[in-house]
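Please open the model in your viewer and keep the sequence panel beside it, since each stop on this tour begins with a selection and then describes what is found there.

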Amino acid sequence: MLEIAVPNKGSLSEKSVQLLLEAGYRANRRGRELVVDDPENDLRIFFLRPRDIAVYVGQGRIHAGITGRDLLIDSGTPAQEYSQLGFARAKFRFAAPRGTIAQVREISGKRVATSYRTLVENYLAERGIQADVVRLDGAVESSIQLGVADLIADVVETGSTLRAAGLEVFGEPLLESEAILITNVQGQADPAVEVLNRRLQGVLVAQQHVLVDYHVPVDVLPRAVEITPGFESPTVAPLADNAWRAVRAVVRRDKVNQVMDDLLAIGARGTIVTELIASRLG
């Protein structure tokens, strides 16, 4: 039985569970269960603290897990990133009171408050910067006002919390994080993990694309194919009127309105857009 860990609470948990559900797994909890079995898919799901997932996976206690890249790196375990899942994107940045620090090298000799001590220490060590890293469990924005630190390093999504605390980011991001599927060394070659990943990626691809059907005159078919090339090639079928062809192709969701405008401009008619539920590309 394949064992996978997912976050037990928060938005990362909700999106992870939804992804598993759309991939065909039984991932719903009736209450606050810590373990959910899906015998039909030979899968067991553990609901764990996001920070603990990489530890269990890295020690080989669980085959795979969904967590953030920032949490994986900060764990210092031998767990490995298997694939990107495309949600919960955020940047890990340094921030300090406005006008006090402009460049990373100015961190030298200062106190840095963070919930990601290993990640920050490794980043500074790689650049030869000596600083005192103060580990806190949360709400690091208050550490400067309370005299614990001179600056902070934290995950930044919109930056509104930092601005409210009178802080501004500086330097390049330490890390660009997102939700990822992780495994241990054995899991990298496990066929069951590959099946899991294939299902998850199929859902993600479906979420990012739509199916477009339309009719187009034969004489502009080559141009239509350029506009909607699909993954490999669009499906083209004859119509009762031999001067027209029916075309079906997969199109990126964020480009579909421009695609429809371009098709209309070359004479396409009857364009219909259909949602995708899942997909397999290989």
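Select Glu-81 to begin, bearing in mind that this is a predicted model; Glu-81 is partly exposed, with a relative accessible area of 30%. Now add Arg-69, which forms a salt bridge with Glu-81, the closest N and O atoms being 2.9 Å apart. Arg-69 lies in helix H3 (residues 69-75) and Glu-81 in strand E5 (residues 80-84), so this pair ties together parts that are twelve residues apart in sequence. On the arginine side of the pair the setting is a buried one, for Arg-69 has a relative accessibility of 12%.

The pair just shown is one example of a kind of contact for which the count comes to 16 salt bridges. In general, side chains of opposite charge can pair when their charged atoms come close.

Next, select Arg-248 and Asp-213, whose salt bridge has its closest N and O atoms 2.7 Å apart. Colour strand E14 (residues 244-252), which holds Arg-248, and strand E12 (residues 209-217), which holds Asp-213, and you will see that the pair links distant parts of the chain, 35 residues apart. Is each partner buried or partly exposed? Arg-248 is partly exposed, with 42% relative accessible area, whereas Asp-213 counts as buried at 18%. While salt bridges are on display, select Glu-3, Asp-37 and Arg-44 as well, because bridges that share partners join these residues into one network.

Move on to helix H7 (residues 191-208), and pick out Arg-198 and Glu-194, whose side chains meet in a salt bridge with an N to O distance of 3.7 Å. These two residues are four apart in H7 and are therefore separated by about one helical turn. Both ends of the bridge are partly exposed, Arg-198 at 38% relative accessibility and Glu-194 at 30%.

Keep H7 in view and add helix H1 (residues 10-22), which packs against H7 at an angle of about 100 degrees, with the two axes 9 Å apart. The helices are therefore roughly perpendicular to each other. To see where they touch, show the side chains of Leu-19, Leu-20 and Glu-22 from H1, together with Leu-196, Leu-200, Val-203, Leu-204 and Gln-207 from H7. Sorted by class, this contact has six nonpolar residues, one polar and one charged.

Now go to helix H9 (residues 256-265), where the buried residues are Val-256, Val-259 and Leu-263. They cover an arc of only 55 degrees around the axis, which puts them on the same side of H9. Turn the view to the face directed away from that buried side, and you will find the exposed residues Asn-257, Leu-264 and Ala-265. What covers the buried residues includes E12 and E14, the strands met earlier, as well as helix H8 (221-227) and strand E15 (269-275). Following H9 comes Gly-267, whose phi is positive, near 105 degrees.

For the last stop, select Gly-230, which is found in the loop between H8 and strand E13 (235-238) and is partly exposed, with a relative accessible area of 23%. Which residues does Gly-230 contact, leaving aside its neighbours within four places in sequence? They are Ala-249 and Val-250. To end with a view across the chain, draw a distance from the C-alpha atom of Gly-230 to that of Leu-43, 187 residues apart along the chain, and the separation is 33 Å.

Key:
Residues are numbered from 1 along each chain as its sequence is written. This is a predicted model: local features need pLDDT of at least 70, side-chain atom pairs count only at pLDDT 80 or more; totals for chains, interfaces and linings use all residues. Side-chain values use heavy atoms; hydrogens and water are left out. Axes are lines fitted to C-alpha atoms, for helices over the stretch in contact, and angles run from 0 to 180 degrees between N-to-C directions. Angles under 35 degrees count as roughly parallel, over 145 as roughly antiparallel, 65 to 115 as roughly perpendicular and the rest as oblique. Contact means heavy atoms within 4.5 Å. Ala, Val, Leu, Ile, Met, Phe, Trp, Tyr, Cys and Pro count as nonpolar, Asp, Glu, Lys and Arg as charged, and the others, Gly among them, as polar. A salt bridge is a side-chain nitrogen of Lys or Arg within 4 Å of a carboxyl oxygen of Asp or Glu. Buried means under 20% relative accessible area, exposed over 50%, partly exposed in between (1.4 Å probe, protein chains only). The arc is that of the directions from the helix axis to the C-beta atoms.
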